[in-house]
Amino acid sequence: MIARLRRIYRRLRLGTRLALGLGVLSLMAFAVVGTALTTYMRDYLSEQLDTQLAQGQIAQSRSIEENGTLSGKKYYSWFYAVYDVSGGKPVLRKPEDPGDLPEDVDSFTAVARAQMSADTEVLRTDDLKGKGTYRLRACEFEPGTILVSAAPMDGIDDTVGRLIMIQAVAFGLALLALVLSGRGMLRRGLKPLSDMAHTARGITSHDLTDSARLPVRHDGRSGGPEVEELRTAFNTMLEHIDDSLAVRTEAEQRLRRFVADASHELRTPLMSVRGYADLFQYAAAHSPEERDKHLARLRGEAARMGVLLDDLLLLARLDAADVEAPLRLEEVDLVELVHQAADAFRAGRTDHPLTVTPGPGPVRLWLDPLRVRQVLDNLLSNAAVHTPAGTKVSAEVSVESCMAVVRVADAGPGIPAAEQHRVFDRFYRVDKARSRDRGGSGLGLAVARSLARAHGGTLELTSCPGSTTFTIRLPLGRTA
């Protein structure tokens, strides 16, 4: 039975539990107050009855002394007994009226005997057979004579019973009103918690794989500081979940786009290799003089596919933060690296004048010279590929706020503002119509940014009509 009640209690809502707890505490408080009040009332009425007995016995004693009788000093429903002490024992006098004593006088005799050994009056409560509960008082009003009076306690019991009934009804109604009103107040106070529970259930029933946004929110302003604190933490958690899901969705979309683009980029050279292989086989059988040309084309397509695969592998290793990172650090002068890249650019891009501003002096850093040179070559090559012949290109080296800075700029048409945030995406080309032979695979800037980050730096773009600048920032010191 107890176990069943416990299971039922555990299934109750928090507001109902609190209301029941409030009711139990109130019931205990009412019980303590009612018991104290009833005890006090009974004691007070008993004291009043004792006082009344004492005053009545004073008048009765005088009446016996003066008239030898209790005539005129009797009270309704009281009992009286007069004892004479003889031989150390109380001897009952014959009552004036048979109604002055009950049939059983043992209680009167016991009180008289107790008074004989006491120096003062004796009070006792006893149950007289067939008469009910009485309050007995014995006093020696003259030497050798003891008067015992008994007053009924029915009035006290009746008054106390009515008081208990009134208390039970009043406390019951107060308890019912307190539980109902408390339940209503608790329900209003706990409503924010109910709303948050509803929100949590909505989250669990929502398919989070279809959308990066959660379907429900709660933005009330009630419940007190504790509930407000919980609400704030709950909404903050939801915002973090939203952000995480948005990042995850974006990453999944980028991954799907990356796989599709990579497959597309690899399919083209593979088809070329297959076609040239067929031509090479045909030429070997029918036109030997064409073999060398087809073989050269095979090698070119294979080399192009190898470069693409190398870039993909490098990006994968940089993204995975591989323990064997593709960096071989050594102390190198960044200004010298820029000059080397500039010399190579001038040799291959004679139609684009290049200006180098090396700064006040050498800038020595811990870096991988091959990878940084790869970044510089890529940025300079982009400046030549995406601008018309004769466009001026510049490279500048400086030190700003404990960072080595390299700026590669051109005076070309610039990159549209809507495209600037995507130029570092993999396989992305600003000019969709540009051929792969001129425009590359679209991995160059993605590789350049990843290499800059692997060195602990950044690669940023600023562009407007007539000017495009790529800025590389690398930390001074061995922090890569």
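**Exercise 1. Work out the strand order of the sheet that contains β7, and name the strands at its edges.**

Step 1. Begin with the order: five strands line up as β7-β9-β10-β12-β11 in an open sheet with mixed pairing. This is a predicted model, where local features need pLDDT of at least 70, side-chain atom pairs count only at pLDDT 80 or more, and totals for chains, interfaces and linings use all residues. Residues are numbered from 1 along each chain as its sequence is written, and side-chain values use heavy atoms, with hydrogens and water left out.

Step 2. Fix the terms. Strands (E, at least two residues) and helices (H or I, at least four) are DSSP runs numbered from the N terminus, and two strands pair if DSSP finds at least two bridges between them.

Step 3. Look at the ends. β7 (354–357) and β11 (458–464) each have a single partner strand, so one side of each is left without a neighbour in the sheet.

Step 4. Add the twist: neighbouring strands here are turned by 15° against each other on average, direction ignored. Axes are lines fitted to C-alpha atoms, for helices over the stretch in contact, and angles between N-to-C directions run from 0 to 180 degrees.

**Exercise 2. Describe how β12 is held between its partners, and decide whether β12 is enclosed or open.**

Step 1. Take the β11 side. Seven bridges join β11 to β12 (residues 467–475), and the two run antiparallel. Within this pairing, Cys 464 has Ser 467 as its bridge partner, and Leu 459 has Ile 472.

Step 2. Follow the turn. β11 and β12 form a hairpin with two residues between them, and Gly 466 in the turn has a positive phi of about 95°.

Step 3. Move to the β10 side, where eight bridges join β10 to β12, again antiparallel. Here Ala 404 stands opposite Leu 474 of β12.

Step 4. Check burial, where buried means under 20% relative accessible area, exposed over 50%, and partly exposed in between (1.4 Å probe, protein chains only). Seven of the nine residues of β12 are buried, so β12 is largely enclosed by the rest of the structure.

**Exercise 3. Find which helices lie on β7, β9, β10, β11 and β12.**

Step 1. Helix α12 (residues 444–454) lies across β11 and β12, running at about 135° to β11. Contact means heavy atoms within 4.5 Å.

Step 2. Arg 449 has its charged end over the ring of Phe 424, 3.8 Å from the ring centre. The criterion is NZ of Lys or CZ of Arg within 6 Å of the ring centre and within 35 degrees of the ring normal.

**Exercise 4. Repeat the analysis for the sheet that contains β1.**

Step 1. Read the order: β2-β1-β5-β4-β3, an open sheet of five strands with antiparallel pairing.

Step 2. β2 and β3 (122–128) stand at the edges with a single partner strand each, so one side of each lacks a neighbour in the sheet. The twist averages 30° from one strand to the next.

Step 3. Zoom in on one pair: β4 (residues 132–142) and β5 (residues 145–152) run antiparallel, joined by eight bridges. Glu 142 stands opposite Thr 145 in β5.

Step 4. Place the helix. α3 lies across β1 (79–86), β2, β3, β4 and β5, at about 165° to β3.

Step 5. Look at the loop between β2 (89–92) and α3 (106–116), which holds Asp 100. Asp 100 is buried, with a relative accessible area of 7%. Leaving aside residues up to four places away in sequence, Asp 100 touches Lys 74, Phe 79, Tyr 80 and Pro 95.

**Exercise 5. Classify two of the aromatic pairs in the structure.**

Step 1. A search of the whole structure finds six aromatic pairs. Rings of Phe, Tyr and Trp (its six-membered ring) pair if their centres lie within 6.5 Å; planes under 30 degrees apart count as stacked, over 60 as edge-to-face and the rest as tilted.

Step 2. Phe 30 and Phe 171 have ring centres 4.8 Å apart and planes at 15°, so this pair is stacked. The pair links distant parts of the chain, 141 residues apart: Phe 30 is in helix α2 (residues 14–67) and Phe 171 in helix α4 (residues 154–189).

Step 3. Tyr 75 and Trp 78 have ring centres 4.7 Å apart and planes at 45°, so this pair is tilted. Trp 78 is buried at 8% relative accessibility, whereas Tyr 75 is partly exposed at 35%. Ring pairs link Tyr 75, Trp 78 and Tyr 80 into a cluster.
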